[in-house]
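Colleague: I've got this structure open next to its sequence, and I'd like to talk it through with you. Mind if I fire off some questions?

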Amino acid sequence: MRAVFTYMTKISLLLFLLVGFQTQAQNVEWLSWNEAVELSQTDAKPKKMFIDVYTDWCGWCKKMDKDTFQNEEVAAYMRNNFYMVKLDAEGKDPIDFQGKTFNFVASGRRGYHEFAAALLQGKMSYPTVVFLDEKLNMLSPVPGYQKVKPFLQIARYFGDNIYKDKDWNTYAGLGK
């Protein structure tokens, strides 16, 4: 009987751990650009788009992934209000948008993707996040590593449509 109890305890512990890991892994729901565009065109109530422009070698990008995007509050807010896209600024695959094909450009040691350059308005700084409205119009690129609290303030500014009624300085309490 004791062996059965021990066996059941181990199974229960394993299930608990698996559910815990699965819950953590489900916090962030990243989409490809094409998946997000398709959802924006087919959902009855489309969301805004959030694009995380990163590179594989960017340490601050990895830190923001771990510390900011994996935060439960951030993940929940973003999941409810945005289609979340990861865009490798040095990706090699072509991206079609608004009748134009954007490609990888070999330049310097690494090169860059034309779509990332367009979103970042030529300022190739990583990490940079980009907010687009429901019709995929640019709201704003936001360069640099963002901790949870400042990131949520920025995300809510766009996600809750505050940007339509208040300029950033007023909203953020920065004065003019």
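Colleague: Let's start with helix H3, residues 59-69. Which residues of H3 are buried, and where on the helix do they sit?

Modeller: Bear in mind that this is a predicted model. The buried residues of H3 are Cys 61, Met 64, Thr 68 and Phe 69. Looking down the axis of H3, they fall within an arc of 70 degrees, so they line one face of the helix.

Colleague: What covers those buried residues of H3?

Modeller: Several elements share that job. Helices are part of it, namely H4 (72-81) and H6. Strands are too, and the cover includes strand S1 (30-31), S2 and S8.

Colleague: Those strands keep coming up. What is the strand order in the open sheet?

Modeller: The open sheet has 5 strands, and the pairing is mixed. Its edge strands, S1 and S9, each pair on one side only. Reading across, the order is S1-S3-S2-S8-S9.

Colleague: And how do H3 and H4 lie on that sheet; what angle does H4 make with S3?

Modeller: H3 packs on the sheet by touching S1, S2, strand S3 (82-88) and S8, and its direction makes about 140 degrees with that of S2. H4 packs on the sheet as well, touching S2 and S3. The angle between the directions of H4 and S3 is about 105 degrees.

Colleague: Now S8, residues 128-132. Why would you call it largely enclosed by the rest of the structure?

Modeller: Check both faces of S8. Thr 128, Val 130 and Leu 132 are buried on one side, and Val 129 and Phe 131 are buried on the other. S8 is largely enclosed because the buried count is 5 of the 5 residues.

Colleague: Which residue of S8 is the bridge partner of Val 53?

Modeller: Strand S2 (residues 48-54) pairs with S8 in the antiparallel sense, over 5 bridges. In S8, the partner of Val 53 is Thr 128.

Colleague: What about S9: which of its residues stands opposite Phe 131?

Modeller: S8 also pairs with strand S9 (residues 138-143), again antiparallel and over 5 bridges. The hairpin of S8 and S9 has 5 residues between the strands, and Leu 136 there takes a positive phi near 70 degrees. Opposite Phe 131 in S9 stands Ser 140.

Colleague: Moving on to the loop between S9 and H6. Is Gln 146 buried or exposed?

Modeller: Gln 146 lies in that loop. Not counting residues up to four places away in sequence, it touches Met 64, Thr 68, Phe 151 and Ile 154. Its relative accessibility is 12%, and the cut-off is under 20%, so Gln 146 counts as buried.

Colleague: And H6 itself, residues 148-159: what end-to-end reach does it have?

Modeller: H6 has 12 residues, and the span expected at 1.5 Å a residue is 16 Å. Its buried residues include Phe 151, Leu 152, Ile 154 and Ala 155. After the helix comes Asn 161, with a positive phi near 60 degrees. From first C-alpha to last, H6 reaches 15 Å.

Colleague: One more residue: how exposed is Arg 110, and what is its relative accessible area?

Modeller: Arg 110 lies in the loop between strand S6 (104-105) and strand S7 (112-113). Leaving aside neighbours within four places in sequence, Arg 110 is in contact with Trp 57, Glu 90 and Phe 104. The C-alpha atoms of Arg 110 and Glu 90 are separated by 7.2 Å, though the two are 20 residues apart along the chain. Arg 110 is partly exposed, with a relative accessible area of 38%.

Colleague: Last thing, confidence. Which element has the lowest mean pLDDT?

Modeller: The protein averages a pLDDT of 88, and 84% of the residues score at least 70. Over residues 19-26, though, the pLDDT is below 50, and this stretch has 2 contacts in the model beyond near neighbours in sequence. Where pLDDT is low, the predicted coordinates should not be read in detail. S8 has the highest mean at 98, and the lowest, at 50, belongs to helix H1.

Definitions and conventions. Residues are numbered from 1 along each chain as its sequence is written. This is a predicted model: local features need pLDDT of at least 70, side-chain atom pairs count only at pLDDT 80 or more; totals for chains, interfaces and linings use all residues. Side-chain values use heavy atoms; hydrogens and water are left out. Helices (H or I, at least four residues) and strands (E, at least two) are DSSP runs, numbered from the N terminus. The expected span of a helix is 1.5 Å times one less than its number of residues. Buried means under 20% relative accessible area, exposed over 50%, partly exposed in between (1.4 Å probe, protein chains only). Two strands pair if DSSP finds at least two bridges between them. pLDDT is the predictor's confidence in each residue, from 0 to 100. Contact means heavy atoms within 4.5 Å. The arc is that of the directions from the helix axis to the C-beta atoms. Axes are lines fitted to C-alpha atoms, for helices over the stretch in contact, and angles run from 0 to 180 degrees between N-to-C directions.
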